[in-house]
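Here are some exercises to work through with the sequence and the 3D view side by side. Try each task yourself before you read its solution.

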Amino acid sequence: MVGSSLGSILRRGFKQLGLQLPTQMVAVLSMAAALTLAGSAYAFHLQLDRLAVRLNQELRVVVFLKPGSNDNYRALAGRISSLEGVQGVVLLSSQETRDRLGDMLGSQAGLLEGLGPEVVPAIVEVELTAQGLARGRPAALVAEIEKFREVDEAVYAGDVADRLESFLNRFTNLGRALSAVLILSGMFIIYATIRLAFMGRQEEREILRLIGARGWFIRGPFLVQGTGLGLVAGGISLALLKGLQTWLWTIPPDRFGTGPLWYLGEMRIIDLSLVSVILGAGALGGLIGAWLALGRVMGGDR
Amino acid sequence: MSDQALIQMFHVHKNFGQNVALWDISFKIEKGAFVFVTGPSGAGKSTLISLMAGVERPSQGRIVIGKTELSSLKPRLMPAVRRRIGIVFQDFKLLKDLSVFDNVSLALEVCGYPRARIRPRVEKVLGAVGLSKKARSRPPGLSGGEQQRVALARALVTEPTILLADEPTGNLDWELSQEIIHLLQRFNRNGTTIIVATHDRQLVRSIPGGVLTLQAGRVVGVEA
């Protein structure tokens, strides 16, 4: 028995979406602008997050051995491997380290000519597990490794990652707050639009009440309308974000000093999670805006 | 309470602020009756219809429809009562942006009838009021008489036990008024209890039926 009532609610709701277009467009565009800005922030956050993850994956503890420790470095590598949070080790003898340095110097490799292999220390590169990369653990690991007598110095280049993570946290909080404010503004405009529509259809509500309609049958189409406005806004926002992504891909990576963001390749904005978030936020924002608008004016129609 | 009584009022008063609209109204209307509520403008006819429809609540007294005590009914239960009562108004109260068919089917959608059952019922009732060919028209394109027949079709499509009509012929000429009244008579013969509020004495005299006469909010005459 509920089937035709639901069908009627949906039909009337969709029909209302086609009425008073200028007013509804204002609501849709406001919400779309809010969702686009929030979506951009979310996409930027995702890209930074991916960058931080990749950076962490590539970070290693570099252990410089004391001169003359070349003979023991295999035994040392075994001891380091047994430490908590260590994935594995890569051994570079003095000669190998010197060769690598020569490669890095390129045309200036001649500077190393005449120097013996003992000038450059042997190195142990330590790869970390996820547990080893956890906050605070790399520093503890460095301290543990430096206790070995063969070790001259252990270095973990985590500063950059830490700074990135700190920036990411601040950006995420700011983005959340800004998105909330923007989406609330969009919701308020949908609230006002639905309220106007509801007031403008007083006669229809009265007639429905007289023929025995329950409150949800009267309110339903306005909730559908609000949700529909939010969904349309979400669709427009996704189209704008897609346009933004296409535009970003045309910019050379280092043009605005944003090279690191392209570290993972082209900046991805549109992905499944963003589509779900934008459409979900649009629909939910529209529904809540409409619900609040009706809650204030339903009165005797309940 | 009488077994045959469908509508009963016991010492009903209705005030709007300081204004007394109805004063100490008591009567009962039996199942299957055709009753006119008559009296001059401002006598309280529309208020009486609104009270029977559950649109207004009495300031004092009891109203019983069938076995339902209307005066103390919880608001959330009121829609179920209204679905058993068809209402027709002088100004038709049709939705102008819906077709004749959709205006009528809305009453069934409100009740949650399955879609498959709605079409045949609407077609049947539109046929009964002679509007089969106007099903796709919208109310503004219809004459006053046709609009009132749409309103009548909407009120009757749910097969209510009671039909309340508030000045249903108020906007119609004599010929169209007779047409509407004869339609009401036809539905009355099928078992629907019909109460018509009208100030038109000539209309009241033109067909047989009970008459409840109001004046200044009081019952001043009852004819069975």
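**Exercise 1. Find the glycine that follows helix α8(A), and say whether its phi is positive or negative.**

Step 1. Go to helix α8 of chain A, residues 202–210. Helices (H or I, at least four residues) and strands (E, at least two) are DSSP runs, numbered from the N terminus.

Step 2. Move past the end of the helix: α8(A) is followed by Gly212(A), and the phi of Gly212(A) is positive, near 95°.

Step 3. Before going on, note what you are looking at. This is a predicted model, in which local features need pLDDT of at least 70 and side-chain atom pairs count only at pLDDT 80 or more, while totals for chains, interfaces and linings use all residues. Residues are numbered from 1 along each chain as its sequence is written, and chains are lettered from A and ligands numbered from 1 in the order in which they are written.

**Exercise 2. Which residues of α8(A) are buried, and what covers them?**

Step 1. Apply the cut-offs: a residue is buried if 20 or more other C-beta atoms lie within 10 Å of its own, exposed if 12 or fewer, and partly exposed in between, with C-beta atoms placed from the backbone.

Step 2. The buried residues of this helix are Ile207(A), Leu208(A), Arg209(A) and Leu210(A).

Step 3. Their cover includes α9 of chain A, together with α2, β6 and α3 of chain B.

**Exercise 3. Describe the side of chain B that touches chain A.**

Step 1. Count the residues: 19 of chain B are in contact with 17 of chain A. Contact here requires C-beta atoms, placed from the backbone, within 7 Å.

Step 2. Look for the elements that give two or more residues to this side of chain B: they are α2 (78–82), α3 (100–110) and α4 (115–128) of chain B. The most comes from α3(B), with four residues.

Step 3. Sort the residues of this side by type: twelve are nonpolar, one is polar and six are charged. For this sorting, Ala, Val, Leu, Ile, Met, Phe, Trp, Tyr, Cys and Pro count as nonpolar, Asp, Glu, Lys and Arg as charged, and the others, Gly among them, as polar.

Step 4. Check the confidence: the predictor gives the complex an ipTM of 0.83 and a pTM of 0.70. Chain B averages a pLDDT (the predictor's confidence in each residue, from 0 to 100) of 88.

**Exercise 4. In what order do the four strands of the open sheet in chain A lie?**

Step 1. The order is β2-β3-β1-β4, with antiparallel pairing. Two strands pair if DSSP finds at least two bridges between them.

Step 2. Find the edges: β2 (86–92) and β4 (151–156) of chain A each pair on one side only.

Step 3. Look at one pair: β1 (residues 60–65) and β4 of chain A are joined over five bridges. Val62(A) stands opposite Val155(A) in β4(A).

Step 4. Add the helix: α6 (residues 137–146) of chain A packs on the sheet, touching β1, β3 (123–128) and β4 of chain A. The direction of α6(A) makes about 170° with that of β4(A); axes are lines fitted to C-alpha atoms, for helices over the stretch in contact, and angles run from 0 to 180 degrees between N-to-C directions.

**Exercise 5. Which residues have the most contacts inside the largest nonpolar core?**

Step 1. A nonpolar core is a set of buried Ala, Val, Leu, Ile, Met, Phe, Trp, Tyr and Cys residues joined through C-beta atoms within 7 Å.

Step 2. The largest has 105 residues, and those with the most contacts inside it are Met31(A), Val104(B), Ala153(B) and Leu164(B). Helix α9 (residues 215–249) of chain A gives the most to this core, with eleven residues.

Step 3. Apart from it lies another core, of 15 residues, among them Val61(A), Leu76(A), Leu128(A) and Leu141(A).

**Exercise 6. Is Lys93(B) buried or exposed?**

Step 1. Locate Lys93(B) in the loop between β6 (85–89) and α3 of chain B.

Step 2. Lys93(B) counts as buried because it has 20 C-beta neighbours inside 10 Å.

Step 3. Check the backbone: Lys93(B) has a positive phi of about 50° although it is not a glycine. Most residues other than glycine have a negative phi.

Definitions and conventions. Two residues are in contact if their C-beta atoms, placed from the backbone, lie within 7 Å.
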